[in-house]
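Work through the exercises below with the sequence and the model side by side. Each task is followed by a stepwise solution.

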Amino acid sequence: MHCGPPDMVCETKIVAAEDHEALPGAKKDALLSAAGAMWPPLPAAPGPAVAPPPAPGPQPHGGTGGAGPPEGRGVCIREFRAAEQEAARRIFYDGILERIPNTAFRGLRQHPRTQLLYALLAALCFAVTRSLLLTCLVPAGLLALRYYYSRKVILAYLECALHTDMADIEQYYMKPPGSCFWVAVLDGNVVGIVAARAHQEDNTVELLRMSVDSRFRGKGIAKALGRRVLEFAMLHNYSAVVLGTTAVKVAAHKLYESLGFRHMGATDHYVLPGMTLSLAERLFFQVRYHRYRLQLREE
């Protein structure tokens with residue numbers, strides 16, 4: 001079973017232009033100004049406000065990973081530190097666990113053929129048993145099986161992720177060139193994460209692992225994390241950002257659209273790391289993979 005970084009919460013590819021060298025300061029200023037025009041300011045939200053990006057200038061490894069405002073004054077997006085390994089893993093783990101009921105129950109609405117199959121099974125049960133009670137129990141049994149297989153596959157996915165890139169964030173994201181991992185920090189606590197990882201063979205960078213602590217959602221933190229990667233793409237002269245996700249919640253898709261992404265299509269034949277593709281799994285676990293694209297400049 002392939003256990004490379006899977007695409008559960010969110011995966012984005014940034015398609016690079018030929019020049020990967022750091023841009024001159026004046027050009028960086030111009031690109032950040034263009035980014036500000038492309039992505040309007042975040043709406044005000046109750047509670048701590050998301051801090052604006054730091055002023056352009058000499059930047060550390062991630063390009064735009066400044067220190068942010070002092071702790072306690074708001075949320076800042078900055079580069080990951082080794083001491084935050086467990087906090088980042090916890091946010092990732094909790095975010096993925098939320099996918100179990102969403103995939104099992106909400107996700108069924110995305111698969112009309114599966115709904116039809118389940119209806120036929122219930123009709124067959126009635127035809128064989130002539131029992132309304134047993135027929136009514138069929139949907140409950142099918143949903144229970146969906147939950148069981150969703151949990152089985154998603155826990156296997158987590159096992160892969162926690163033993164690959166999320167096992168050593170410093171080594172996997174902070175040391176290789178073209179890669180970075182950011183955290184959102186509020187009052188000294190990590191409340192959100194996002195990563196970018198380069199693929200030199202095809203001049204791409206993936207955005208991975210975007211997740212926000214459920215207690216701090218609705219404050220614009222996810223959008224701020226997404227913007228940090230888009231700024232990273234512009235500052236390093238990439239030409240487009242391509243996003244892939246298996247998210248079920250409508251709010252996740254609205255987030256991508258609010259950042260400027262266009263929906264490029266979806267497929268029901270996506271194989272999530274951790275899947276065995278057994279017959280039972282095919283019957284009771286399905287995900288839909290959506291692709292988005294944000295063009296930063298024409299090639």
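**Exercise 1. Locate L296, state whether it is buried or exposed, and find how far it lies from S239.**

Step 1. L296 sits in the segment after β8. Helices (H or I, at least four residues) and strands (E, at least two) are DSSP runs, numbered from the N terminus.
Step 2. L296 has 12% relative accessibility and counts as buried. Buried means under 20% relative accessible area, exposed over 50%, and partly exposed in between, with a 1.4 Å probe and protein chains only.
Step 3. L296 and S239 are 57 residues apart in sequence. Their C-alpha atoms are 5.1 Å apart in space.

The model is predicted: local features need pLDDT of at least 70, side-chain atom pairs count only at pLDDT 80 or more, and totals for chains, interfaces and linings use all residues. Residues are numbered from 1 along each chain as its sequence is written, and side-chain values use heavy atoms, with hydrogens and water left out.

**Exercise 2. Identify the strands that pair with β8, and count the bridges.**

Step 1. Apply the criterion: two strands pair if DSSP finds at least two bridges between them.
Step 2. Take β6 (residues 238–245) and β8 (residues 289–295). They pair in the antiparallel sense over six bridges. V242 has R293 as its bridge partner in β8.
Step 3. Take β7 (residues 262–267). This strand pairs with β8 in the antiparallel sense over five bridges. H263 has Y292 as its bridge partner in β8.
Step 4. Check the burial of β6. Seven of its eight residues are buried, so β6 is largely enclosed by the rest of the structure.

**Exercise 3. Sort the residues of α8 by side.**

Step 1. Helix α8 covers residues 250–258, and A252, H253, L255 and Y256 are buried there.
Step 2. These buried residues span an arc of only 150° around the axis, which puts them on the same side of α8. The arc is that of the directions from the helix axis to the C-beta atoms.
Step 3. Now turn to the face directed away from the buried side. It carries the exposed residues V250, A251 and K254.
Step 4. Look past the helix. G260 follows α8 and has a positive phi, near 105°.

**Exercise 4. Describe the largest nonpolar core and the surroundings of F261.**

Step 1. Define the set. A nonpolar core is a set of buried Ala, Val, Leu, Ile, Met, Phe, Trp, Tyr and Cys residues joined through side-chain atoms within 4.5 Å.
Step 2. The largest core has 73 residues. F92, F181, W182, I193, I221, F261 and F285 touch the most other members.
Step 3. Helix α5 (residues 132–162) gives the most to this core, with nine residues.
Step 4. List the contacts of F261, where contact means heavy atoms within 4.5 Å. F261 touches L230, V241, L243, Y256, Y292, R293 and L294, not counting residues up to four places away in sequence.

**Exercise 5. Place Y93 and find which residues it touches.**

Step 1. Y93 is in helix α2 (residues 85–97).
Step 2. At 32% relative accessibility, Y93 counts as partly exposed.
Step 3. Y93 touches L155, L158 and L162, again leaving out residues up to four places away in sequence.
Step 4. The C-alpha atoms of Y93 and L162 are separated by 8.5 Å, with their positions 69 residues apart along the chain.

**Exercise 6. Examine two residues with positive phi that are not glycine.**

Step 1. D187 has phi near 55°. The residue is in the loop between β3 (180–186) and β4 (189–199). D187 is partly exposed, with a relative accessible area of 47%.
Step 2. L277 has phi of about 65°. The residue lies in the loop between β7 and α9 (279–284). At 35% relative accessibility, L277 counts as partly exposed.

**Exercise 7. Compare a UniProt feature with the model, then summarise the chain.**

Step 1. An unreviewed UniProt entry places the feature "transmembrane region" at residues 116–149. UniProt positions are given in the numbering used here, feature names are shortened, and annotations may be inferred rather than shown by experiment.
Step 2. Over residues 116–149 the chain is 94% helix and 0% strand. The end C-alpha atoms are 19 Å apart.
Step 3. The chain has nine helices and eight strands. Of its 299 residues, 50% count as buried.
Step 4. Among contacts between residues at least 6 apart in sequence, 76% join residues at least 24 apart.

Definitions and conventions: Contact = heavy atoms within 4.5 Å.
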